[in-house]
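Let us walk through this fold together, from the overall outline down to a few individual residues. Please keep the sequence and the 3D view side by side as you read.

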Amino acid sequence: MANKILIVDDAAFMRMMIKDILSKNGFEIVGEAADGAQAVEKYRETHPDLVTMDITMPEMDGITALKEIKKVNPQAKVIMCSAMGQQAMVIDAIQAGAKDFIVKPFQADRVLEAMNKALS
């Protein structure tokens, strides 16, 4: 059975890139969200196996959304997505419970490696 993924990024282009990589590799995309508040709502609706979460977004940032999702499900698996130069935020995200992080622009093999590691 395919792993269910929720993709969260305020940039539609980035969501499309991740969706493309994952769809081609047998993952099922169960939802997309453009900000952290939507992400928490979609998480409750779709119960994905894994979430890819952008760090910098309007409404609610990715780290706050990660913490909210962890309240809903302490076992939630979230991989953070960050642009270069956000190391401090990545450390905050890992401390808040993120499984891994991937750096933009995405490289398919790195995305898949992070996914498989987090899901195993």
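Helices here are DSSP runs of H or I with at least four residues, strands are runs of E with at least two, and both are numbered from the N terminus. Counted that way, the chain has five helices and five strands. Please keep in mind that what you see is a predicted model. If you trace the chain from the N terminus, the elements follow the order β-α-β-α-β-α-β-α-β-α.

Now step back and look at the overall dimensions. Along its principal axes, the C-alpha trace spans about 30 × 30 × 25 Å. A compact globule of 120 residues would have a radius of gyration near 14 Å, and the 12 Å of this chain agrees with that. Of the 120 residues, 45% are buried. The contacts also tell us how the chain is put together: taking those between residues at least 6 apart in sequence, 63% join residues at least 24 apart.

What does the chain show on the outside? It exposes about 6000 Å², and carbon and sulfur atoms supply 52% of that area. As for charge, there are 14 positive and 17 negative side chains, and the centres of the two sets lie 5 Å apart.

With the outline in place, let us turn to the strands, starting with β3. This strand takes in residues 50–54, and five of its five residues are buried. In a regular strand, side chains alternate between the two faces of the sheet. It is therefore useful to ask about each side of β3 separately: are its faces covered? Both are, with L50, T52 and D54 buried on one side and V51 and M53 buried on the other.

Which strands pair with β3? One partner is β1, residues 4–8, which runs parallel to β3 and is joined to it over four bridges. Within this pairing, L6 stands opposite V51 of β3. Another partner is β4, again in the parallel sense and over four bridges. Here D54 has C81 in β4 as its bridge partner.

Follow β4, residues 78–82, and you come to S82. Is S82 buried or exposed? With a relative accessible area of 2%, S82 falls under the 20% cut-off and so counts as buried. Leaving aside residues up to four places away in sequence, S82 touches I55, V90, F101, I102, V103 and K104. Of the residues in that list, F101, I102 and V103 can be found within β5, which covers 100–103.

Next, have a look at helix α3, which spans residues 62–72 and includes I63. The relative accessible area of I63 is 10%, so I63 is buried. Which residues does I63 touch, once those up to four places away in sequence are set aside? They are I55, M80, M89, D92 and A93. For M89, the separation along the chain is 26 residues, while the C-alpha atoms of I63 and M89 are 8.0 Å apart in space.

L66 is found in the same helix, α3. At 0% relative accessibility, L66 counts as buried. Beyond residues up to four places away in sequence, L66 touches M53, V78, M80, A93, A96, G97 and A98. M53 belongs to the buried residues of β3, so the contact list of L66 links helix α3 to that strand. The C-alpha atoms of L66 and A76, 10 residues apart along the chain, are separated by 8.9 Å.

Finally, the loops hold some backbone details to look at. H47 is found between α2 (36–46) and β3. Its phi is near 45°, a positive value in a residue other than glycine. H47 counts as exposed, at 53% relative accessibility. Between β3 and α3 lies E59. Phi of E59 is also positive, near 65°, again in a residue other than glycine. E59 is exposed, with a relative accessible area of 72%.

One more loop, between β5 and α5 (108–119), contains P105. Where is the cis bond to be found? The peptide bond from K104 to P105 is cis, with omega near -5°. K104 may sound familiar: K104 is among the residues that S82 touches.

Note on methods
Residues are numbered from 1 along each chain as its sequence is written. This is a predicted model: local features need pLDDT of at least 70, side-chain atom pairs count only at pLDDT 80 or more; totals for chains, interfaces and linings use all residues. Side-chain values use heavy atoms; hydrogens and water are left out. The radius of gyration is taken over C-alpha atoms; the globule rule is 2.2 Å times the number of residues to the power 0.38. Buried means under 20% relative accessible area, exposed over 50%, partly exposed in between (1.4 Å probe, protein chains only). Contact means heavy atoms within 4.5 Å. Accessible areas come from the Shrake-Rupley method with a 1.4 Å probe; for residues, only the protein chains shown count as cover. Lys and Arg count as positive and Asp and Glu as negative; His and the chain ends are not counted. The place of a charge is taken as NZ of Lys, CZ of Arg, CG of Asp or CD of Glu. Two strands pair if DSSP finds at least two bridges between them.
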